[in-house]
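I opened the file to look up a few things about the fold. My notes are below, in the order I made them.

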Amino acid sequence: MLKKVLIALVAIVIALAGGALALVHVYGPSYGIMVTGTPIFLVPPSPEKYATTVLEATDLFALNADSPEYADARARAVEASKSAHDYSELYDPLKDALKAAGGKHSNLVSPQMRADVAEKSPLVDPTVTVDGGVVIATVPEFDSYEGDPQNYANILAKGLDGAVSGGACGALVDLRGNGGGDMGPMLAGLAPLLPDGTALEFVGRHSTTPVTISGASVIGGGTPTGVEGVGKYTLPVAVLTDGDTASSGEATALAFKGLADARSFGAPTAGYASANMSFLMPDGALIMITSAYDRDREGAAYGDDPIAPDEQAEDAEAAARAWLAENYQCQ
């Protein structure tokens, strides 16, 4: 009798485990993206499953997922997946679908392209230097898949804290050439110069997400990041932008927009002021789905158009230094 009970219990456990695995196989990719930011696959997906995973995420998050252009591109991607033998055969049709659903900021970046970019443009750390009474924070683009977000934020926040507590009277935040990436470490690193509260918002199809700063911590935009042991300061800030300031670089610039003692200088930005929901597929392809546009603290909305600085200047740094000297006697 006991043996029969044990056999029955084992059979039940096996059946439950099998059912759980079946559920993970079916729903793991989509729910993995929603909960952890990464699709969960028990085994390498077939080309059809690969395409379905990307398209289902696009259905849920993309700004223009209800457009007829996306419906057409989606159908073409599904059809391509039925005869594809390799994931690479899906890159172009999936990229077309992503662009139709999210605009120019959405993308599929192949593993080879990611490797090429990393080789040609390796990540660089931010820097903080002091020249007279002016502290200069150079804020480069940042890829959280490749770099250390905490180290990035620490360099900026602690450098600014030391410079301002040491007597700096003004700051230059240099976002020129910042093509974007993970904005969490950028804003956490600059948090000593930003007031607590909502810095900007991401406005999506179904909801609005505030990017909130508290002390030297940021949530709601990119990787939640915080730096311990640094102060908060009120001083004039000049933000420098150019035509290569894009995506999270633009969002970081917008975090200063509307502050009484902040002004931007340089050239209009690249025009990618929107938020992407990004994840890696098993082959290393990066999927970027544009899910929201940026809105600043004054309620102005942005998106695919370049953001003009307050003062266009060929020599952005010279113009910013002149502003600091003229208005704040800081030089």
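These entries cover the sheet, one helix, the disulfide and two backbone angles.

**Entry 1: the model**
I noted before anything else that this is a predicted model.

**Entry 2: the sheet**
I looked up the strand order. Six strands make an open sheet, running β2-β3-β4-β9-β10-β13. The pairing is mixed. I then asked which strands stand at the edges. They are β2 (127-131) and β13. Each has a single partner strand, so one side of each lacks a neighbour in the sheet.

**Entry 3: strand β10**
I turned to β10, residues 262-266. How many of its five residues are buried? I found four, so the rest of the structure largely encloses the strand. The cut-off behind that reasoning is a relative accessible area under 20%.

I checked its partners next. Strand β9 (residues 237-241) runs parallel to β10, and five bridges join the two. Within this pair, L240 sits opposite F265. T241 has G266 as its bridge partner. I also followed the chain between the two strands. It leaves β9, passes through helix α8 (residues 248-254) and arrives at β10. This β-α-β crossover is right-handed.

On the other pairing, β10 meets strand β13 (residues 311-312). The sense is parallel again, over two bridges. Here G266 stands opposite Q312. I marked G266 as a residue to view from both sides: T241 is its partner in one pairing, and Q312 faces it in the other.

**Entry 4: helix α2**
I picked α2, residues 47-61, and checked its length. It has 15 residues. From first C-alpha to last it reaches 21 Å, close to the 21 Å expected at 1.5 Å a residue. Which of its residues are buried? I listed P47, Y50, A51, T53, V54, L55, A57 and T58. I kept the general rule beside that list: an α-helix has 3.6 residues a turn, so residues three or four places apart point the same way.

**Entry 5: the disulfide**
I searched the whole structure for disulfides and got one. It joins C169 to C330, with S to S at 2.1 Å. The link of C169 and C330 is right-handed, with 90° about the S-S bond. The pair ties together distant parts of the chain, 161 residues apart. C169 is in the loop between α6 (149-165) and β4 (170-174), and C330 is in the segment after α9 (316-328).

Are the two cysteines buried or exposed? C169 has 28% relative accessibility, so I logged it as partly exposed. C330 has a relative accessible area of 0%, so I logged it as buried.

**Entry 6: positive phi**
I looked for positive phi values outside glycine. S247 has one, at about 55°. I placed S247 in the loop between β9 and α8. That loop belongs to the path of the right-handed crossover from β9 to β10. S247 has a relative accessible area of 13%, so it counts as buried.

Q329 also has a positive phi, near 50°, and is not a glycine. I placed Q329 in the segment after α9. C330 of the disulfide is in that segment too. Is Q329 buried or exposed? At 60% relative accessibility, Q329 counts as exposed.

Note on methods: Residues numbered from 1 in each chain as written. Predicted model: local features only at pLDDT ≥ 70, side-chain atom pairs only at ≥ 80, totals over all residues. Heavy atoms only, no water. Buried < 20%, exposed > 50% of the residue type's maximum accessible area, 1.4 Å probe, protein only. Pairing = 2+ DSSP bridges. Right-handed = clockwise from strand over helix to strand, strands pointing away. Disulfide = S-S within 2.5 Å. Expected span 1.5 Å × (residues − 1).
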